[in-house]
Amino acid sequence: MFRKLVDRAILQYKVTTKSDLHIGGHTTVEPAEVDNPVIKNTEGYPIIPGSSLKGVMRTEVERLLKGLDIKVCDIFDNKQRGGCNMCPVCYLFGGKDLASSIRIKDAVADHKKTLIRDGVAIDRQTRKARTGGKYDTEAVPRGTIFKGTITIENTGIELEGYSHDHAKLGGLLGLIDFFNTCSGTMGHAASRGFGEVEIEIEKLNLITAQDYLDGKYEGDEYSPQTEEYQDLKSNAAADWSKFVKEDKNVCQEG
């Protein structure tokens, strides 16, 4: 699907934390002062790994499409380990032998400030604090802004000679809106109030092969505040909807 480049969408996105956020990891330049540190880059700024955001988005679209009785693969199924390569989810986020059209770069926080939240492990039998069960968790405070970049290679989907223009772009933008509307969460301890975030697109550049030939390397720029962006988004959403409805049985699951 990448033998030719029809177009490329580059989206500048930001994530704003609506509650404290903890995405942990071993990558940190600071001494281990807390039990559960947040993941940071080499300069000490907290980050949201692109893989974490992509995983949340993939899981959400899988659940949505299943709710519409549209067959999608189970990447944990032994027969389809890694994906079927044919369903709408695989066309967006990749499959076993199909590279992902969507690449999400890590989002970096606008400051280094974090806070420490205390916790206590509870013994389920006694319902009391477990001996030696006190721990602390580092978190990024509410109101922190992370910024990153998303790239979509070939925003349309071509099947049997028919092209669903910008369908992948429509699928991703609609997914982000749904995630925000439903108070989406990510990271650790969402059930305890952590991890509520909002994702916004700040700018979108759509670059075609013709733009390259014409020396127009940034393509056409769209701002969410403009009618041009809203028209592009609406048309792309219609393309995605048409694709998943027409090809709802494409996945040979089970």
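This briefing walks through the fold, core, strands, helices and aromatic pairs of a single chain.

The model is a predicted one, so local features need pLDDT of at least 70 and side-chain atom pairs count only at pLDDT 80 or more, while totals for chains, interfaces and linings use all residues. Residues are numbered from 1 along each chain as its sequence is written, and side-chain values use heavy atoms, with hydrogens and water left out. The chain holds five helices and eleven strands; helices (H or I, at least four residues) and strands (E, at least two) are DSSP runs, numbered from the N terminus.

**The chain overall**

- Of the 254 residues in the chain, 43% are buried; that word means under 20% relative accessible area, while exposed means over 50% and partly exposed falls in between (1.4 Å probe, protein chains only).
- Take the contacts in the chain (heavy atoms within 4.5 Å) with a separation of 6 or more: 66% of them join residues 24 or more positions apart.
- The accessible surface of the chain is about 14200 Å², and carbon and sulfur atoms own 47% of that; the areas come from the Shrake-Rupley method with a 1.4 Å probe, and for residues, only the protein chains shown count as cover.

**The core and Leu-11**

- A nonpolar core here is a set of buried Ala, Val, Leu, Ile, Met, Phe, Trp, Tyr and Cys residues joined through side-chain atoms within 4.5 Å.
- The largest such core has 54 residues, and Leu-11 and Tyr-13 are the ones with the most contacts inside it. Helix H3 (residues 167-181) gives the most to this core, chipping in seven residues.
- Leu-11 sits in strand E1 and counts as buried because its relative accessibility is 0%.
- Leaving aside neighbours within four places in sequence, Leu-11 touches Gly-148, Thr-149, Ile-150, Ile-152, Leu-169, Leu-173, Ile-201, Lys-203 and Leu-204.
- Leu-11 and Lys-203 are 192 residues apart along the chain, yet 5.8 Å separates their C-alpha atoms.

**Strand pairing around E1 and E10**

- Two strands pair if DSSP finds at least two bridges between them.
- E1 is mostly covered, with eight of its eleven residues buried.
- Strand E1 (residues 7-17) pairs with strand E10 (residues 197-208) in the antiparallel sense, over eleven bridges. Across that pairing, Tyr-13 stands opposite Ile-201 in E10, and Ala-9 has Leu-206 as its bridge partner in E10.
- E1 also runs antiparallel to strand E7 (residues 145-153), with nine bridges between them. In E7, Leu-11 has Ile-150 as its bridge partner.
- E10 pairs with strand E11 (residues 220-222) as well, again in the antiparallel sense, over three bridges. There, Leu-204 is matched with Tyr-222 in E11.

**Helices H1 and H3**

- How far should the 18 residues of helix H1 (residues 50-67) span at 1.5 Å a residue? The expected figure is 26 Å, and the end C-alpha atoms are 26 Å apart, so the two agree. The expected span is 1.5 Å times one less than the number of residues.
- The buried residues of H1 are Gly-50, Leu-53, Met-57, Arg-58, Glu-60, Val-61, Glu-62 and Leu-65. After H1 comes Asp-69, with a positive phi near 60°.
- H3, with 15 residues, reaches 21 Å from its first C-alpha to its last, close to the 21 Å expected at 1.5 Å a residue.
- Buried residues in H3 include Ala-167, Leu-169, Leu-172, Leu-173, Ile-176 and Phe-179. H3 is followed by Ser-183, whose phi is positive too, near 50°.

**Aromatic pairs**

- Rings of Phe, Tyr and Trp (its six-membered ring) pair if their centres lie within 6.5 Å; planes under 30 degrees apart count as stacked, over 60 as edge-to-face and the rest as tilted. By this rule there are three aromatic pairs.
- Tyr-212 and Tyr-217 have ring centres 6.2 Å apart and planes at 50°, so this pair is tilted. Tyr-212 and Tyr-217 are both exposed.
- Trp-240 and Phe-243 form a tilted pair too, 5.8 Å centre to centre with 45° between the planes. They are three residues apart in helix H5 (residues 227-246), so about one helical turn separates them.
- Trp-240 is buried at a relative accessible area of 11%, and Phe-243 is buried at 0% relative accessibility.
- Tyr-91, Trp-240 and Phe-243 make up one aromatic cluster.
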